[in-house]
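Please read the following account with the sequence and the three-dimensional view side by side, and locate each residue as the text comes to it.

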Amino acid sequence: MVLELEANQTQVQRIIQSKAFRTSEVHRNLLVYLAGKSLSGTADSLKEYTVGLDVFAKPDSYDPRQESVVRMHVGRLRQKLAEYYRSEGVDDAIFVDLPKGGFKVTFETRAIAEPVAAVAEEKPVRAGNRHLEIVLGALLALSAACALTFWIQLQHPKEATAFANDAGSYGSAELQQLWGPILATNRPLMVCLAASNGVTGVGTASASFLLGQFLAHRKDNVLLTRSDLLSMPEVIMDNVVFLGPASGNRQIQTLSKGQPFVLEADGIRNRSPLPGEPAFIPDHSPHAGADADESLALISHVPGLYGNGDILYLSGNQISSTLAAVRALTDPTLAREIVAKLKTRDGHLARFYQVVLKVRSMDSMPIEISYPYYRELSGR
């Protein structure tokens, strides 16, 4: 039952990341909402009025008899699902549908015939096996992340919005200062996972799990994508939280230009070193005999495109580093240390900033985090 639920959740994520849905935020949100209600067993009681309030932010005075926005977009959603399964989803094993006459999304497992070409060579090369293991590991990690982030969608949107505006809901005043500008807005939140494999893929998935725990009940309208699927329209419309190394992603690298600190494959480049600071801070790989491993992470909170919205990068090259970046912004004690360093002379928290983390870890789990370098950034 759990495996079936996760498979259905992952299928919904696949659909909303498809070309058919990529440029239609309203239909992505509508599908996620209705699928979540259907998987939780509450879709049968849904009314047009409730959908209007929860998905389209209609006021309490909304009258479905006078306004057909819900019916119109539900009908269009059925068309887009049909469009998806005629093209990208033609070979998908799970068929997602929205039958007429209600708001319940159905999930049907289809028998997909394996192609004849699947009869492979008898002696695959060893290097190919290793590559396959890496790819499968990355896909499993991404599936786990998708399932978790989708689970956030099953929460109650109206409660989440009210909760996010309540200072006590963050866990501390410092967490509210750090996350308030990102969560307490009407802009959707796009969580973007670096499209990487191997070590960085596992680290990104672990970090997304921790981030999902923090976001639950604090933000409605959370979407998930991979960095290679992120589009500029999504960056313009949404607030974005990016997890993992930014190398290889054109959009993320473009938006990172001009920042003082830049994560590179073997460390962090300091473009404008202050007196006593190095121009390059190397990433310390694990070495034999050490009681703990050392690595670096980079937290960057920058303005969105054209100065609209927020983009938060939580980046690192090791499993422990990306995980440490998320932990630093979700743990009340660690958040207090960041805020103390980033406070301006008048006592206010810098709106935009970068923080370099030095991370000591054991078994890929951060055990000590320090903040040797940081910068206040100006809004653009």
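Arg360 and Glu368 join their side chains in a salt bridge, with a nitrogen-to-oxygen distance of 3.1 Å, in what should be read throughout as a predicted model. Side chains of opposite charge can pair when their charged atoms come close. Because its relative accessible area is 23%, and the buried class ends under 20%, Arg360 counts as partly exposed. Its partner Glu368, with a relative accessible area of 43%, is likewise partly exposed, since only values over 50% would make a residue exposed.

How many salt bridges are there by this rule? The count comes to seven, and two others can be set beside the pair just described. One of them links Lys58 to Glu67, whose closest N and O atoms lie 2.4 Å apart; Glu67 is partly exposed, because its relative accessibility is 31%. Another brings together the side chains of Glu264 and Arg269, at 3.3 Å from N to O. Here Glu264 has a relative accessibility of 29% and therefore counts as partly exposed, while Arg269, with a relative accessible area of 33%, is also partly exposed.

Strand E12 covers residues 365-377, and Pro372 lies in it. With a relative accessible area of 37%, Pro372 falls in the partly exposed class. Which residues does Pro372 touch, once those up to four places away in sequence are not counted? They are Val356, Leu357 and Lys358. Val355 stands 17 residues from Pro372 in sequence, and the C-alpha atoms of the two are 8.2 Å apart in space.

The view can now be widened to the whole protein, which has 380 residues, 50% of them counted as buried. Its secondary structure consists of 13 helices and 12 strands. Among the contacts with a separation of 6 or more, 65% are between residues 24 or more positions apart.

Turning to the interior, the largest nonpolar core contains 44 residues, and the members that touch the most others within this core are Leu34 and Val51. Helix H5 supplies the largest share of this core, namely seven residues. If neighbours within four places in sequence are left aside, Val51 is in contact with Leu30, Tyr33, Leu34, Leu46, Phe56, Val70 and Phe103. Apart from this core lies another, of 40 residues, which includes Leu243, Ala335, Leu357 and Val359; Leu357 has already appeared as one of the residues touched by Pro372.

Leu34 also leads to a helix pair. How do helix H3, residues 25-39, and helix H5, residues 69-86, cross? Their axes come within 10 Å and cross at roughly 90 degrees, and because angles from 65 to 115 degrees are classed as roughly perpendicular, H3 is roughly perpendicular to H5. On the H3 side the contact is made by Val26, His27, Leu30, Leu31 and Leu34, and on the H5 side by His73, Val74, Arg76, Leu77, Lys80 and Leu81. By class, the residues of this contact divide into seven nonpolar, two polar and two charged. Leu30 and Leu34, which take part in this helix contact, are also among the residues that Val51 contacts.

Conventions:
Residues numbered from 1 in each chain as written. Predicted model: local features only at pLDDT ≥ 70, side-chain atom pairs only at ≥ 80, totals over all residues. Heavy atoms only, no water. Axes fitted to C-alpha atoms, helices over the stretch in contact; angles between N-to-C directions. Helix = DSSP H or I, 4+ residues; strand = E, 2+ residues; numbered from the N terminus. Parallel < 35°, antiparallel > 145°, perpendicular 65-115°, else oblique. Contact = heavy atoms within 4.5 Å. Nonpolar A, V, L, I, M, F, W, Y, C, P; charged D, E, K, R; others polar. Salt bridge = Lys/Arg side-chain N within 4 Å of Asp/Glu carboxyl O. Buried < 20%, exposed > 50% of the residue type's maximum accessible area, 1.4 Å probe, protein only. Core = buried A, V, L, I, M, F, W, Y, C linked by side-chain atoms within 4.5 Å.
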